[in-house]
Amino acid sequence: MTDGSIQLIVGDPATCTVAINSATISPSFADPIAACSLYHDKGPDPWLRKTSTDAWLSTGAADDLEVTDGSPQDQGDIYCVICRESGRLDLFEVPSFRCVFSIDKFTSGKNILVDTYLPDLPSDAQRTVKEETSEGDKQESGQNMKVIEIAMQKWSGQYGRPFLFGILSDGTILCYHAYFYEGQDNMVKMEGGSMVENAVNSISTSRLRNLRFTRVFLDSLTREEAEAGASGQRIVNFSNIGGYQGAFLAGTRPAWLMVCRERLRLHPQLCDGPIVAFTPLHNINCNHGFIYYTAQGFLKICQLPSLNYDNDWPVKKIPLRGTPHQITYFAEKNLYALIVSFPVSRPVSQVLPSLVDQDNNHLTEGDNIISEDAHKSYAVDEFEVRILEPAKSGSQWEARASVPLQTSENAISVRIVTLLNTSTKENETLLAIGTAYVQGEDVAARGRIILASIKQDSNNSDNWVNEVYSKELKGAISSLASLQGHLLIAAGSKIILHQWNGEELNGFAFYDAPHYVVSLNIVKKFILFGDIHKSIYFLNWKEEGAQLSLLAKDFGSLNCYATEFLIDGTTLSLVVSDDQKNIQIFYYAPKSMESWKGQKLLPRAEFHVGAHVSKFLRLQMLPTSLSDRTNRYALLCGTLDGSIGCVAPLDELTFRRLQTLQRKLVDVVPHVAGLNPRAFRRFRSNGNAHRPGPDNIVDCELLRYYEMLPLDDQLEIAHQIGTTRSQILINLNDLNVGTSFL
């Protein structure tokens, strides 16, 4: 209310009337109520009731706490959560409105919340508490931080514990999870960590003295500044939407908070823009669905897709009956081409044809043994390329067609390429497949290039893929790419550029690599390839003279795993991962003296990932409020241990600010097992000679802990590095928004 008080409205289902129950909380104009919410601790054995006594700790059961006389308390207790503009949070019993739990400075975002109601402490102890918090009050005085929305909820489950949510005026969302704490009866823990002895048991047994809250990390992607005069509920709880329970965050950046096994899973909703209102909906036409209203004026009734939301990303598993190796996307047809291998039983005569010599009629005793083994069957992997069509609403992914390969032929690479037909002068989009024949070390390596056209034919699945060209080449075809209408093929240690005339490929330019090409990347007329032992090479394609010329290379020895270009406006960088789980970034600077007249690639940054990066995927970053660059790309990294990472460019000013913050957090944040993140991220050379490169990468895994620090620590760190807390949060938020395709 405007006078700082609250009113409780009680409904009577028998008479369908409501009555106002005035709460016995005296209004305070000096510290009015900023937000309030009701919490129903459901069930015959309410969870919060256990925290008000130590009986359950001594007996190991909570049966003594249950009320068995059939009173309304058997259905649970009701509490009122109140936040005042000073940042104080109180938990009251309803309808008596007796305070059972209090938290001073809830807006400071402490990691652990404890009951700070200490009425019987001696005056010197109270004076100690005030002195510990006076400095923080001075720092917060200019922030005008207050809670604009509060919510507390415990979802169904035998062992469920309540969550406490709070939205602050600067857009920060605080999330806490309740837990039991067994403390000493004569000791009370202060906010600063000191223990004060109270022999007369200062805390009343009616208070929730064993209740504690621990903070839960939430991604800053959900942050949004509170607009002046804006109203409306952002946190909407739901108990069953698509079989999941949790809360929905409305606003300009809506998101889902799924509660799975007592863990919060945050999933942003990037479609439809800002959402003004949201509510669950369940009827015969929309089973366990929801309805929401967008800022553009659209009202939508929806259901959740059948995905597994108990992960960092929503996951849907597609049965392949085989092992996937490589995938590429055909954007024009909305199809995926996937290399799959599966085990089959083959006789040994087909697996190892050199064991059986059909032309040799002179068999020895040992040859008879080989002949007997030739009738046995062995399991080998056969490869094929499948064409998958994504699932439409309510349907499954379907394999529309497949390209079978020959015996002992392994598919290594698959790409969708656009080739210029020199006969018709038209571009053709084809599926290119590179293979290798695996026939043992005694047989010379060979490979095959396959070009196929894809047509969507719903009537006949045999017409989906039509092979238009096939040719064997010397060496395994490890990589494919299209370069200005031509097909670039890496066959063993050779890179050959081919022309397409509609019937065959004709090579007209080549380049010799040192050992074996593991990856090819194209940007305009520039080529980046990685050698298995000799690091990366930077080439240029010249149309006049049809030449692949070397611009620069890395003269060091590096066992490459994957390569890719990193684009930031007009700046082009070259990224490579190696067998020591590192990522290195190089750049081409022909005017620099250190580049040996442009022959050497110069290091820009290096970073230890901790996993073998086997693939880079270049994705365009989304625009942000502070960045005016549109031609900016991030690299999505896939590793051999199943993890996914991201490397994104930053502008100079933001990088310097976050790098300084990172150095402070190394000393401020308590690390797991006392490990040092700077030592972990240092480049690993495995004993080889290596000149340390520039320290031009910031670790977002460490930077995200800044938002988990208490408000006082955030303000102090920002002051020490010469910036403000709001500026740091804006930079972190823009980085999350730019890479929100994750």
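The exercises below, each with a worked solution, concern a predicted model.

**Exercise 1. Describe the setting of Phe 278: in which strand is it placed, is it buried or exposed, and which residues does it touch?**

Solution. Begin with the secondary structure, where Phe 278 has its place in strand 18, a run that covers residues 275-281. Next take the accessibility: the relative value for Phe 278 is 8%, and because buried means under 20%, this residue counts as buried. Then look for its surroundings, leaving out residues up to four places away in sequence; Phe 278 touches Val 236, Ile 241, Phe 248, Trp 256, Phe 290, Ile 291 and Tyr 292. As a last step, compare positions along the chain with positions in space: Ala 250 is 28 residues from Phe 278 in sequence, while their C-alpha atoms are separated by 7.0 Å. As a general background to such surroundings, nonpolar side chains in soluble globular proteins tend to be buried together.

**Exercise 2. Find the largest nonpolar core: how many residues does it have, and which of them have the most contacts inside it?**

Solution. The largest nonpolar core has 28 residues, and those with the most contacts within it are Leu 48, Leu 91, Phe 106, Ile 150, Leu 164 and Phe 213. A second core, separate from this one, has 19 residues, and Val 414, Ile 450, Ile 454 and Trp 464 are included in it. To see how one residue of the largest core is surrounded, take Leu 91, whose contacts beyond four places in sequence include Leu 48, Tyr 79, Val 81, Phe 101, Met 152 and Leu 208. The contacts of Leu 91 also include Arg 98.

**Exercise 3. Which side chain makes a polar contact with the side chain of Ser 519, and is Ser 519 buried or exposed?**

Solution. First locate the residue: Ser 519 is found in strand 33, which spans residues 517-523. Its relative accessibility is 10%, so that Ser 519 counts as buried. The side chain of Ser 519 makes a polar contact with the side chain of Thr 563, at 2.5 Å. Thr 563 also appears in the list of contacts of Ser 519 outside four places in sequence, along with Ser 479, Leu 528, Phe 529, Gly 530 and Ala 562.

**Exercise 4. Which residue forms a salt bridge with Asp 115, and where in the chain are the two partners?**

Solution. The partner of Asp 115 is Arg 207, and the closest N and O atoms of this salt bridge are 2.8 Å apart. The pair links distant parts of the chain, with Asp 115 in the loop between strand 7 and helix 3, Arg 207 in the loop between strand 12 and strand 13, and their positions 92 residues apart. Both partners need an accessibility check: Asp 115 counts as buried at 6%, and Arg 207 is buried with a relative accessible area of 2%. A contrasting case is the salt bridge of Arg 400 with Glu 398, with closest N and O atoms 3.0 Å apart, where Arg 400 is partly exposed at 27% and Glu 398 is partly exposed at 39%. Elsewhere, salt bridges with shared partners join Arg 261, Arg 265, Asp 310 and Asp 312 into one network.

**Exercise 5. Which residues make the nonpolar surface patch of about 350 Å²?**

Solution. The patch is made by Ile 9, Val 18 and Ile 20. Val 18 lies in strand 2, residues 17-22, and at 64% relative accessibility Val 18 counts as exposed, because exposed means over 50%.

Technical notes. Residues are numbered from 1 along each chain as its sequence is written. This is a predicted model: local features need pLDDT of at least 70, side-chain atom pairs count only at pLDDT 80 or more; totals for chains, interfaces and linings use all residues. Side-chain values use heavy atoms; hydrogens and water are left out. Helices (H or I, at least four residues) and strands (E, at least two) are DSSP runs, numbered from the N terminus. Buried means under 20% relative accessible area, exposed over 50%, partly exposed in between (1.4 Å probe, protein chains only). Contact means heavy atoms within 4.5 Å. A nonpolar core is a set of buried Ala, Val, Leu, Ile, Met, Phe, Trp, Tyr and Cys residues joined through side-chain atoms within 4.5 Å. A polar contact is a pair of N or O atoms within 3.5 Å; within protein, one must be able to donate a hydrogen and the other to accept it, and residues adjacent in sequence count only if both atoms are side-chain atoms. Patches are made of residues with over 30% relative accessible area and no salt bridge: like charges are joined within 9 Å, nonpolar side chains (Val, Leu, Ile, Met, Phe, Trp, Tyr) within 5 Å. Accessible areas come from the Shrake-Rupley method with a 1.4 Å probe; for residues, only the protein chains shown count as cover. A salt bridge is a side-chain nitrogen of Lys or Arg within 4 Å of a carboxyl oxygen of Asp or Glu.
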